[in-house]
Amino acid sequence: MLTAPRSLVLPWTNVYGLARTLVALGTAGTLAFSSAQTLFRPVYTMGDYPLCKRFTAGSAFCLAPDSYPGLTWIKWGCVVVLLVTASGWRPRWTGLPHAYVNYSVYTGIAIGDGGDQIALILSVLFALVTLGDARRWHWQTVADGAGTTPPGRVLALVGTSALVVARLQMSFVYFQASVAKLPHAEWADGTAMWYWGQNPAFGAPSWLRPLVHAVVSAPWGVALMTWLPLVIEISLAAALLLPRRARRAAMAAGLFFHLCIALVMGLWSFALAMAGGIVVLCLPLGSALHRRRASSGDEPAPQQVDDLGVGEPALPRQGDKAAAGLHQ
């Protein structure tokens, strides 16, 4: 048993690349569509943002904390870094800058939310994955022989471990989000979304308000809008325990759920950050998205492909030269 070969899953696929892109686009949207005067302003009991005290002093925005023109230039510099990250170019070079920009945003702006926090956590974990990602683009297939050297196997283990932690983090986020609602009477009796629908800060935009108000004004409508998110959140919390098809259904429901939140409440950066986390949570480690195409019957496929266009790594064959180096 101790001498039997074991395959090491490589984390460098376009699945984690897609998650990086979604998270980076969410933060880029926050910066690009918000003025410096909106992002950096005084907060009661806290002080003027960026605070630049203790662990927040390392923020990029602390380079010009008292100058709106300077903050604007830094803001657009961060947008450029995030867009390059989202493009997928040179993940090994952009992983740490991506994490640093998210740290700067989360600690530096006055209007941060849970989306900025999860984006920071995910970007730090993704940065660990990128340390061993030598691809030119994170959309490409990993090169033959990747992870075959001792340092490569260590980096593959670090990257896979980081993705496992990201999956556990997302599972806990959804568990906490669902369980925290249950003690409140409004969520238990199915009326919570009526209050959110009437909220002037988080209510629906004017073009969508008539439809939302019509739905939440009906008993069945408000109950469905209140309890369905709880079911989706519980399903995502348990996603790691679900079979593959059920997990894909939970992923689709979760993505649609956050799209609805973005449309109704305008929380687009939050939706994109959570979508990136859902992709990592629900798709198998080492799997890759691909274009469906005909395969030759004479040549064995390197991946097991399901009916949704997601390939999963097959067990390595004894004579497979590329996979032989993954045995440990």
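Which residue forms a salt bridge with Lys181? The partner is Glu233, and the legends below return to this pair after an overview.

**View 1. The whole chain, a predicted model.** The chain has 13 helices and 5 strands, where helices (H or I, at least four residues) and strands (E, at least two) are DSSP runs numbered from the N terminus. Of its 328 residues, 45% count as buried, a term that means under 20% relative accessible area with a 1.4 Å probe and protein chains only. Among contacts (heavy atoms within 4.5 Å) between residues at least 6 apart in sequence, 73% join residues at least 24 apart.

**View 2. The salt bridge between Lys181 and Glu233.** A salt bridge is a side-chain nitrogen of Lys or Arg within 4 Å of a carboxyl oxygen of Asp or Glu, and in this pair the closest N and O atoms are 3.2 Å apart. The pair links distant parts of the chain, 52 residues apart, with Lys181 in the loop between helix H6 (150–179) and helix H7 (185–188) and Glu233 in helix H10 (residues 219–237). Both Lys181 and Glu233 are buried.

**View 3. The salt bridge between Arg135 and Asp133.** Here the closest N and O atoms lie 2.8 Å apart. Arg135 counts as buried because its relative accessibility is 6%, and Asp133 counts as buried because its value is 1%. A search of the whole structure finds 2 salt bridges.

**Notes on the views.** Residues are numbered from 1 along each chain as its sequence is written, and side-chain values use heavy atoms, with hydrogens and water left out. In this predicted model, local features need pLDDT of at least 70 and side-chain atom pairs count only at pLDDT 80 or more, whereas totals for chains, interfaces and linings use all residues.

Conventions. Buried < 20%, exposed > 50% of the residue type's maximum accessible area, 1.4 Å probe, protein only.
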